[in-house]
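Colleague: Please take me through one part of this model in close detail. I would like to look at the sheet, and at what packs on it.

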Amino acid sequence: MFDFLKKTKKPNPDATRLLASILVVFPAIQSVTYDSKGETLEFSFALNGEFSQDYFTEFLTNAAESVETFHHLEGLKGAKIELNVEGVYGTCFLNVRRDMATLTFRELSLLTELAENYFGDELIEEFDEHFFPDEDYLMAQEDYLDQCLNNMRQMRVEGRLVGVREHERVVVYSR
């Protein structure tokens, strides 16, 4: 009778922590989505400026080659990645879809660094001006994110989770 009274299943805490941690550690990533159907993780970078299609094509080609080389060096076989861009004027989104089976913290770092180096100030990043992580903190986060990624590979998480950045906050919800 009343749909709002139905009990909703709480999202998996490991999956929620993974999405929140990615957004906290990588201020250039504006949103991240986990989809259980394809067991994929999609994350988006926001860009502000006017871009030509050739500009994006050059980046997508270079990024794909870099990730392919990374996979080869890491010995990852069968990794699936999709890169695309939505929009060309004003705010645009660079979307990356990756299978969870082979995604690592190091690859997330590589993709973020590629976007930062290529787009520079046109990449929208939200930093906390009062927080400057030291090397120990970053190493602990790398270990934690790798652990979360490994946990996600070993369990079946149902549904779709979305994490977004809202100014200084990170919100993760089930969809």
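Modeller: Here is the sheet, strand by strand, with its setting in the chain. Keep in mind that this is a predicted model.

Start with the order along the chain. The protein chain has four helices and six strands. From the N terminus, they run α-β-β-α-β-β-α-α-β-β.

Now the sheet. Six strands form one open sheet, in the order β3-β4-β2-β1-β5-β6. The pairing is antiparallel. Two strands sit at the edges: β3, residues 81-86, and β6, residues 169-174. Each of these pairs on one side only. On average, neighbouring strands are turned by 15° against each other, direction ignored.

Next, look at β1 and β5. Strand β1 covers residues 29-35, and strand β5 covers residues 160-166. The two run antiparallel, and five bridges join them. For a landmark, find D35: R160 in β5 stands opposite.

Then move to the helix. Helix α2 spans residues 53-74. This helix lies across three strands: β2 (40-48), β3 and β4 (91-99). Against β3, helix α2 runs at about 160°. So much for the part itself.

Last, the setting. Take contacts between residues at least 6 apart in sequence: 72% of them join residues at least 24 apart. The protein chain has 175 residues, and 35% of them count as buried. Its accessible surface comes to about 10900 Å². Carbon and sulfur atoms account for 50% of that surface.

Terms used: Residues numbered from 1 in each chain as written. Predicted model: local features only at pLDDT ≥ 70, side-chain atom pairs only at ≥ 80, totals over all residues. Heavy atoms only, no water. Buried < 20%, exposed > 50% of the residue type's maximum accessible area, 1.4 Å probe, protein only. Contact = heavy atoms within 4.5 Å. Areas by Shrake-Rupley, 256 points an atom, 1.4 Å probe, with all protein chains shown as cover. Pairing = 2+ DSSP bridges. Axes fitted to C-alpha atoms, helices over the stretch in contact; angles between N-to-C directions.
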